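Work through the exercises below with the sequence and the structure in view, and try each task before reading its solution.

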Amino acid sequence: MTIVMTAALSVCGHHAFAATQNIEVETVSFEKSDSTAEVSLLIQWPIKGDKAVVDSLRHHINYLINGELNRPDDVKAYGEALFESLSGDWHSVYDEMAPEERMGAFSKSHSITMLAQTNNYVTYHYQTYYYGGGIHGFTTEVGFTFRKSDGKQIPILADTDSPRLSKLIKEGVRSFFAGGPDKTMTDEEVLEFLFASEVEDLDNLPLPGNAPYLTETGVVFLYTQYEIAPYSSGIITFEIPFKDIRPFLTPEAKKLIP
């Protein structure tokens, strides 16, 4: 088991509007494992900055992990409790089985880190993995952006029915599977990676279920596992630069970006 607490981290923004405090974080990690359970935590806990934003980030972190963290030191107690819960679940499933029939340790990880920060907003990235028996585990990713002026999440997209936006989404999905925007794949080749029942053609891709989020250079879209593609396709993620996505942003979002 390891506990690592690093010095406070500040990620600098470059958007020169009204001065706001940079969010400073303390990075805390926790790891513990045995033959029944594995737990891995990496959390960048906000320790300093505008109160509205710090409070929103802390509340959202607790919401994501279903925890009650109030300070960085609480991560250890949370990790220990999570480990005991997973180990108990493993014993309840496998204690009555022959050793050769038992699967691997039950596993859970949470990674919650700051992805971007400007004078106007801060974005965090969350990735979690859970394995509780079976062929494989399940990974979830999501990003969330908070406005610094009041600590609120705001809607990012407008005019979501626009064919022009659909084309941007299509090219984003294509670039994910092709390995970059400068690589090429035909529509038919991309469709091979997607569920035929969910996607009939690339011109009518549904928007991801999770809201997009801001980086310092664009807007990220993310399809979770099984949303439009099988497990083997992974988590489909791509970024559309601000210069291309701007016409489809809400007025609130446009005010935040360069």
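**Exercise 1.** Find what share of the protein chain is buried.

*Solution.* A residue counts as buried under 20% relative accessible area, as exposed over 50%, and as partly exposed in between (1.4 Å probe, protein chains only). By this rule, buried residues make up 47% of the 258 residues in the chain. The model is a predicted one, in which local features need pLDDT of at least 70 and side-chain atom pairs count only at pLDDT 80 or more, while totals for chains, interfaces and linings use all residues. Residues are numbered from 1 along each chain as its sequence is written, and side-chain values use heavy atoms, with hydrogens and water left out.

**Exercise 2.** Compare the expected span of helix 2 with the distance between its end C-alpha atoms.

*Solution.* Helices (H or I, at least four residues) and strands (E, at least two) are DSSP runs, numbered from the N terminus. The expected span is 1.5 Å times one less than the number of residues, so the 21 residues of helix 2 (residues 74-94) should span 30 Å. The end C-alpha atoms are 31 Å apart, which agrees.

**Exercise 3.** Which elements do the buried residues of helix 2 pack against?

*Solution.* Begin with the buried residues, among them Tyr-78, Leu-82, Phe-83, Leu-86 and Trp-90. The buried residues of helix 2 pack, by contact (heavy atoms within 4.5 Å), against helix 1 (51-65) and against strands 3 (24-33), 4 (37-48), 5 (106-117) and 6 (121-131).
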